[in-house]
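Work through the exercises below with the sequence and the model in view. Each task is followed by a solution in steps.

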Amino acid sequence: MASPIDFAAFLLGLLLEIVVVVCVCYRRVNLYRYFPIGFYMLASILVSCGDYYVLQQFGQGSSAYAYFYFYSDALLTILLFWTVIHFYQQAFDELKVNKYIRGGAIALLLFTAIFSYLTVRRNQDHLTGRFVIELSQNLYFVGVVLTYLLWGTILKLKETRARLVQFVLALGIYFSGSAVAYALRSFLHGSTEHLLAWIPSVMYVWLSVAWAYAFVKVPEDSRLITAQLETGTT
């Protein structure tokens with residue numbers, strides 16, 4: 001059974017994700033610009049509902065919940081990877097290099113998948129499940145690197161679109177927290193599992209809060225001054 005904290009995090013995150021999806025659909029003029037965000041949040045809503053249902057039916061320690069959690073997490077991480085690449089395309093929009101960014105993103109995703117498979121292929125027991133877990137973990141670390149490289153690019157290019165900056169900063173924190181959680185699970189194993197269980201819930205709520213705030217409180221045409229950009233404040 002889910003704890004009251006898990007249930008509260010589920011409801012809060014779900015509500016904020018719905019807010020983001022509504023904002024993306026409502027602003028149809030910029031649908032292309034925000035479509036990956038809306039699609040990711042819509043998928044996250046479906047996964048959250050499914051996750052909560054499986055948790056209630058089978059319990060957190062069940063194999064059904066473990067499979068659902070890690071497979072859905074891998075899917076959402078791939079969608080979030082696509083969102084990061086979309087932000088790269090926005091940042092480099094004036095340079096007309098979108099096709100090279102897409103090609104590089106596909107190559108990086110394939111390389112990460114191959115590397116993940118090679119890491120676990122010697123263990124033939126539950127190979128598919130282990131591959132999905134390894135892929136998610138590696139994609140989180142790739143996401144951390146890509147997001148902070150993107151932040152460096154934003155500073156270099158003096159990109160001042162406040163909403164884009166908000167999106168990227170939120171992703172950097174989300175990927176960092178999720179990557180730390182995976183790393184600690186790998187190093188510390190099951191003895192500290194209960195101590196790390198709160199991290200995904202916090203990251204889940206954080207990303208929803210940050211992106212909902214960006215849509216609701218940050219105007220589409222707002223710009224940051226250079227001093228704000230360099231200090232990372234919005």
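**Exercise 1: two stacked pairs**

Tyr 88 counts as buried, at 11% relative accessibility. The model is a predicted one.

Task: Which class, buried or exposed, does Phe 92 fall into, and how are the rings of Tyr 88 and Phe 92 arranged?

Solution.
1. The relative accessible area of Phe 92 is 18%. Buried means under 20%, so Phe 92 is buried.
2. The ring centres of Tyr 88 and Phe 92 are 6.4 Å apart, with 5° between the planes.
3. Planes under 30 degrees apart count as stacked, and the pair of Tyr 88 and Phe 92 is stacked.
4. Phe 111 and Phe 115 also form a stacked pair, at 6.5 Å centre to centre and 20° between the planes.
5. Phe 111 and Phe 115 lie in helix α4 (residues 98-120), 4 residues apart, about one turn of the helix.
6. Phe 111 is exposed, with a relative accessible area of 55%, while Phe 115 is partly exposed, at 43%.

**Exercise 2: a helix contact**

Task: At what angle do helix α3 and helix α8 pack, and which residues make the contact?

Solution.
1. Helix α3 (residues 63-91) and helix α8 (residues 198-217) pack at about 35°, with axes 15 Å apart.
2. The crossing of α3 and α8 is left-handed.
3. From α3, the contact uses Tyr 69, Leu 80, Thr 83 and Phe 87; from α8, Pro 200, Leu 207 and Trp 211.
4. These contact residues divide into 6 nonpolar, 1 polar and no charged.
5. Phe 87 and Trp 211 also belong to a cluster of ring pairs with Tyr 34, Tyr 40, Phe 167 and Phe 215.

Notes:
Residues are numbered from 1 along each chain as its sequence is written. This is a predicted model: local features need pLDDT of at least 70, side-chain atom pairs count only at pLDDT 80 or more; totals for chains, interfaces and linings use all residues. Side-chain values use heavy atoms; hydrogens and water are left out. Rings of Phe, Tyr and Trp (its six-membered ring) pair if their centres lie within 6.5 Å; planes under 30 degrees apart count as stacked, over 60 as edge-to-face and the rest as tilted. Buried means under 20% relative accessible area, exposed over 50%, partly exposed in between (1.4 Å probe, protein chains only). Helices (H or I, at least four residues) and strands (E, at least two) are DSSP runs, numbered from the N terminus. Axes are lines fitted to C-alpha atoms, for helices over the stretch in contact, and angles run from 0 to 180 degrees between N-to-C directions. A crossing is left-handed if the near helix is turned anticlockwise from the far one by less than a right angle, and right-handed if clockwise. Contact means heavy atoms within 4.5 Å. Ala, Val, Leu, Ile, Met, Phe, Trp, Tyr, Cys and Pro count as nonpolar, Asp, Glu, Lys and Arg as charged, and the others, Gly among them, as polar.
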